[in-house]
Amino acid sequence: MNNAPYQLLITGANRGIGLEFVRQYAAAGFRVFACCREPHNAAALASLAASSEERISLHRLDVSDFGQIEQLASDLHGQAIDLLINNAGIYPNGALGSLDYNAWHKAFLINTMTPTKMIECFLEHIAASRLRKIATLSSKMGSITDNGSGGSTLYRSSKAALNMVMKNLAIELKPQGIATCTLHPGWVKTDMGGANALITAEQSVAGMRKVIDRLSTDNSGRFIAYDGQEIPW
Ligand code: NAP
């Protein structure tokens, strides 16, 4: 029987929801590969790693640089990744009449394409693991059904496209025993969510961990909130 710790790879691990995922999974005994753009400026993550008895390692990864993703996948060759969490994301502003199309490109790159590129590059690592799970942070704002207020076109469209990619990949990866879920973390008090948000990162991540625990190929491909509620596409 293999008693080695499960291994988590996560993007955007230096602050917000990503940092809290690292904290909670490390506390639960996972070995965590924590990726962030600037490890030398990631004080909170570095301090967590320092007190983790080598359960957490920091890895430089700007997800918009596909060369860096490929390099990290190569550096981690032979490591089983039980759980990949695609967490890094951006929320560009812009209203009709002054839409910033360069920012829109960037939103599609970071929010839609890089989670996909991460999955492509780490597929072998995930397939070689025991848990074989992928969780990707989307948002209820990417739900077409739920959209009753308009606005935030750049963000909404990049997350809606992400949802379609993840639904597709759930179907395509099931034969390999890989399960995926697309998560809505709630409205969370982070730099992105702001101070008026409804829940803390701790509450959000505790809920999402329960969803990820229950994830299997039997329920793969769903769009689920941190409290377990299914979100309409
Ligand atoms: P946040 O506080 O703004 O943190 C965003 C994280 O993404 C940071 O670690 C940031 O790193 C990283 N990131 C951005 N661009 C990156 C890049 N090019 N390469 C690598 N990392 C990059 O956001 P959050 O609230 O924790 O959100 C995490 C996820 O949840 C996002 O996907 C977001 O869309 C989703 N979400 C959040 C809420 C909410 O209420 N907070 C609601 C729905 C969905 P740097 O520090 O280097 O910028």
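Okay, so let's start at the ligand, with Gly12: one of its backbone N or O atoms sits 3.2 Å from a ligand oxygen. Keep in mind, everybody, that this is a predicted model.

Asn14 joins in through its side chain, where a polar atom lies 2.7 Å from an oxygen atom of the ligand. Then there's Gly89, with a polar backbone atom 3.5 Å from a ligand oxygen. And how much of the ligand does the protein bury? Taken alone, the ligand exposes 900 Å², and 93% of that gets buried by the protein.

Stepping back a bit, 28 residues surround the ligand. The ones that come nearest are Asn14, which you've just met, plus Arg15, Arg37, Tyr155 and Thr190.

Right, on to the inside of the protein. The largest nonpolar core has 34 residues, and the members touching the most others are Phe21, Val32 and Ile85. Which elements feed into this core with two or more residues? On the strand side we have β1 (7-10), β2 (31-36), β4 (83-86), β5 (133-137) and β6 (179-184), and the helices are α1 (16-27), α2 (43-50) and α6 (201-214). It's α1 that gives the largest share, six residues.

Let's zoom in on Ile85. Ignoring neighbours within four places in sequence, Ile85 is in contact with Leu8, Leu9, Ile10 and Thr11, then Phe21 and Tyr25, and also Ala135, Leu137 and Ile212.

One last thing: apart from that largest core there's another one, of 23 residues, and Leu9, Phe122, Ile134 and Met166 are among them. So Leu9 shows up twice in this talk: as a contact of Ile85, and as a member of that other core.

Technical notes
Residues numbered from 1 in each chain as written. Predicted model: local features only at pLDDT ≥ 70, side-chain atom pairs only at ≥ 80, totals over all residues. Heavy atoms only, no water. Core = buried A, V, L, I, M, F, W, Y, C linked by side-chain atoms within 4.5 Å. Buried < 20%, exposed > 50% of the residue type's maximum accessible area, 1.4 Å probe, protein only. Helix = DSSP H or I, 4+ residues; strand = E, 2+ residues; numbered from the N terminus. Contact = heavy atoms within 4.5 Å. Near = heavy atom within 4 Å. Polar contact = N/O pair within 3.5 Å; in protein donor to acceptor, adjacent residues only side chain to side chain. Areas by Shrake-Rupley, 256 points an atom, 1.4 Å probe, with all protein chains shown as cover.
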